[in-house]
Every structure is written in C-alpha cells, then in structure tokens.
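This report introduces a structure to a reader who has not met it before. It takes up the cores, the sheet, one helix and the aromatic rings in turn.

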Amino acid sequence: MLEFPLLTERFALTPLGSADRVAFTAYRRDPDIARFQSWSPDWSDADTDALIADQPTELRSQSGAWLQLAVHDRTTTRLVGDVAVHALADQPDTYEVGVTLAPSSQGVGAGLEALGHLVDVLFRAQGAHRITASTDVRNAAAARLFRRLGFRHEGRAVDADWFKDEWTSLDTWAVLRDDGRPVAPAFRLRGAVEADHDALVAVWRRAVDATHQFLAERDRDAIEELLPTQYLPAVTLIIAEADSQPIGFAGVHDGALEMLFVDPTHHGSGVGSALLTAAVQDHAVTRVDVNEQNAAAADFYARRGFEVVGRSSVDDTGRPYPILHLELHPPR
C-alpha cells in the first residue's frame with residue numbers, strides 16, 4: 001500500500017488537503033491548464049472542497065476510486081501541481097494516472113519527477129500489474145512526458161470523444177510491470193531508535209567501502225567500532241527506509257550535518273538528497289565537513305548550495321585525512 005509522504009529529490013507527494021485549496025483552484029481555473037483536462041475554467045473553491053471530501057483514505061485495487069496527490073516543493077512547501085491515480089474497477093492491479101502542473105512549474109521536469117516516482121511506487125509498493133493513461137492528441141507535451149516515462153503508445157481513437165462541444169481524438173498509453181522499466185525504490189524518512197543502530201552500522205560500512213577507499217582499513221575498523229556506542233548516540237538521526245529496512249541515514253547536531261550515508265545499491269535514487277533536505281529544513285543545518293579525498297561528496301553538497309569556507313589538514317581525531325569545511329549559502 002502507499003505510505004505518505006512519497007519523497008523525490010525536489011518534491012513531497014501527499015493526498016490533496018484543505019491547505020492546498022487556494023493554489024489548486026487557481027491553476028485549475030487557468031484556461032490553458034483546463035484546455036485538455038476534464039474540467040473547465042469555471043472550477044471553483046466548492047469544487048475543490050468536494051474533491052477533497054471525496055478522497056479515499058487508501059487506494060485499493062479495483063475500488064474504482066481516484067486519489068489526488070498534491071506535489072509540494074520540499075524547500076518552499078509551495079504546491080507545484082498534482083498527480084492523480086485511479087484504481088480501475090473492472091481490472092485487478094490496474095491503475096490510470098494523470099498529472100497537472102501550475103504554469104510556473106512547467107518546463108522544469110516536475111511532471112517527469114513526480115509522476116515517474118508515483119509510477120515506480122505503484123509497481124513496487126502497490127503491486128500494480130499495468131498502469132495506463134489517456135491524452136488528447138493535441139497535447140504534445142503530455143505525449144512527450146509519457147514516452148519519457150517508458151509508456152507504450154497503444155492506440156489512437158480518432159474523433160471518438162464528444163468533449164467540450166467538439167469531437168476529440170484520444171491517445172492511450174500503458175506500461176506493464178514486466179516491461180523492464182527501471183523502478184526506483186519507494187522510501188520514507190523517519191526518526192531512529194537505539195534498536196536501529198546495528199542496521200545503520202551495516203549501511204555505513206557498505207557506503208564507506210564503496211566511497212572511502214582512501215581510508216586505511218585499521219581506521220575504518222576503528223570508526224565502525226565506535227559508531228554504535230559514541231557517534232550514533234551523539235546525534236539526532238534521520239533514517240531513509242524502504243521495505244522496512246534502513247537504506248540511508250543522516251545525523252545532525254547543533255546546526256551541523258555530522259554524517260550522511262546511503263547504501264550504495266540506492267545511490268542516485270534521491271535518498272541522499274531527501275536526507276539532506278530534511279536536515280536543512282527540519283533541523284536548521286547550515287554546516288557540513290567532508291573528506292577532501294571524497295570528491296563525489298564535495299560535489300554533492302556544492303550542487304545543493306554548500307560552499308567551502310575552510311580546510312583542516314587532519315580530521316577531528318588527528319588522522320591524516322584533510323577535511324573541507326562547508327557552509328550553506330542562499331542562492332545569489
């Protein structure tokens with residue numbers, strides 16, 4: 001089943017709620033947005049209220065229900081659009097999806113990121129067999145999006161739908177679980193308890209073995225031994241979890257990111273970005289230290305607004321590993 005929020009690198013997906021009312025109604029009233037959609041520009045606040053009131057509490061196969069998910073910018077919490085999923089009543093494990101973006105959020109890959117993640121989660125966590133979509137033939141942007149998401153163009157019904165006082169042609173799209181589409185892991189963030197420490201140490205070891213080849217084995221073993229007794233208890237931990245197992249974690253203390261490690265099998269899936277965003281937004285993190293030899297980590301933080309403000313020739317225990325001191329700077 002779906003567990004919220006669904007997190008991507010930039011966005012958080014949650015069921016549409018009353019806090020989204022004003023922004024949601026505003027872009028649904030835009031004539032350019034409504035043109036190829038099932039509603040018209042006279043959409044009202046009352047329509048939004050009715051939609052929210054009709055939301056299901058969970059999405060079950062063959063329920064016939066629609067679930068509207070708000071897509072929020074994780075940095076600003078701004079509503080950038082929504083994605084919708086429909087559990088078809090007449091076919092098991094079959095879902096229809098759609099996406100709508102506010103005008104200011106178009107052209108920046110938001111639909112690809114948000115809808116792509118929803119599709120991944122439907123296959124991975126919801127057990128979907130088949131996911132479909134339908135678009136107006138004139139909606140070239142939607143066609144490009146579904147092709148990029150790996151959907152197959154299954155057909156075109158020419159002048160088959162009397163819609164908004166005219167005959168329209170519809171394209172149908174679909175993707176199957178067995179089509180081999182790469183599926184990113186569905187994950188969620190949570191706090192930690194002491195019972196998590198052994199699993200976090202295992203994640204740390206796998207991550208360090210993959211990224212910290214510059215560490216001498218004796219130093220690696222010494223740090224690993226101190227993790228559960230000294231380092232992990234000294235920080236506030238944020239865990240990224242998939243299938244009830246930790247796949248990454250961050251540790252924060254007094255405005256500093258003291259640690260961030262992701263299991264190498266999940267590198268590139270947005271887990272590290274999600275952990276960093278949570279550290280910055282929820283724990284006011286503005287500082288982080290990075291091993292100078294770990295160029296990939298330094299680049300990761302640089303691309304997210306951290307700048308080098310100092311350097312130490314040894315780490316904080318006196319080992320011969322130079323450290324870069326980074327601070328988060330606002331965009332210029």
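## Nonpolar cores

A nonpolar core is a set of buried Ala, Val, Leu, Ile, Met, Phe, Trp, Tyr and Cys residues joined through side-chain atoms within 4.5 Å, where buried means under 20% relative accessible area, exposed over 50% and partly exposed in between, with a 1.4 Å probe and protein chains only. The model is predicted, and local features need pLDDT of at least 70 while side-chain atom pairs count only at pLDDT 80 or more, although totals for chains, interfaces and linings use all residues. Residues are numbered from 1 along each chain as its sequence is written, and side-chain values use heavy atoms, with hydrogens and water left out.

The largest nonpolar core has 34 residues, of which Val-97, Leu-118, Leu-122, Ile-131 and Phe-151 touch the most other members. At least two residues of this core come from each of strand E2 (11-15), E3, E4, E5, helix H4 (110-124), strand E6 (130-136), helix H5 (140-148) and strand E8 (166-176); helices (H or I, at least four residues) and strands (E, at least two) are DSSP runs, numbered from the N terminus. H4 gives the largest share, eight residues. A second, separate core of 28 residues includes Ile-247, Ala-274, Tyr-301 and Leu-326.

Contact means heavy atoms within 4.5 Å. Not counting residues up to four places away in sequence, Val-97 touches ten listed residues' worth of neighbours, among them Ala-84, Leu-115, Phe-146 and Phe-151.## The eight-stranded sheet

Two strands pair if DSSP finds at least two bridges between them. An open sheet of eight strands, with mixed pairing, follows the order E1-E2-E3-E4-E5-E6-E8-E7. Strand E1 (6-7) and strand E7 (152-163) stand at its edges with a single partner strand each, so one side of each is left without a neighbour in the sheet. E1 and E2 run antiparallel and are joined by two bridges, with Leu-6 opposite Leu-13 in E2.

Strand E4 (residues 79-87) is largely enclosed by the rest of the structure, because nine of its nine residues are buried. Strand E3 (residues 66-73) pairs with E4 in the antiparallel sense over seven bridges, and Val-71 stands opposite Gly-81 in E4. The hairpin of E3 and E4 has five residues between the strands, and there Thr-77 takes a positive phi near 65°. E4 also pairs with strand E5 (residues 94-101), in the antiparallel sense and over seven bridges, and Glu-96 in E5 is the bridge partner of His-86. In the hairpin of E4 and E5, which has six residues between the strands, Asp-93 in the turn has a positive phi of about 55°.

## Helix H8

The expected span of a helix is 1.5 Å times one less than its number of residues. For the 13 residues of helix H8 (residues 271-283) this gives 18 Å, which agrees with the 17 Å between its end C-alpha atoms. The buried residues of H8 include Val-271, Ala-274, Leu-275 and Leu-276, and what covers the buried residues of H8 includes strand E10 (236-242), strand E11 (245-253) and helix H9 (295-302). Ala-284 follows H8 and has a positive phi, near 55°.

## Aromatic rings

Rings of Phe, Tyr and Trp (its six-membered ring) pair if their centres lie within 6.5 Å, and planes under 30 degrees apart count as stacked, over 60 as edge-to-face and the rest as tilted. The whole structure holds 11 aromatic pairs. The rings of Phe-300 and Tyr-301 have their centres 5.0 Å apart and their planes at 80°, so this pair is edge-to-face. Phe-300 counts as buried at 15% relative accessibility, and Tyr-301 is buried with a relative accessible area of 7%.

Phe-24, Tyr-27, Trp-39 and Trp-43 are linked into a cluster by ring pairs. A charge sits over a ring if NZ of Lys or CZ of Arg is within 6 Å of the ring centre and within 35 degrees of the ring normal. The charged end of Arg-28 sits over the ring of Trp-39, 3.5 Å from its centre, and also over the ring of Trp-43, 4.5 Å from its centre.
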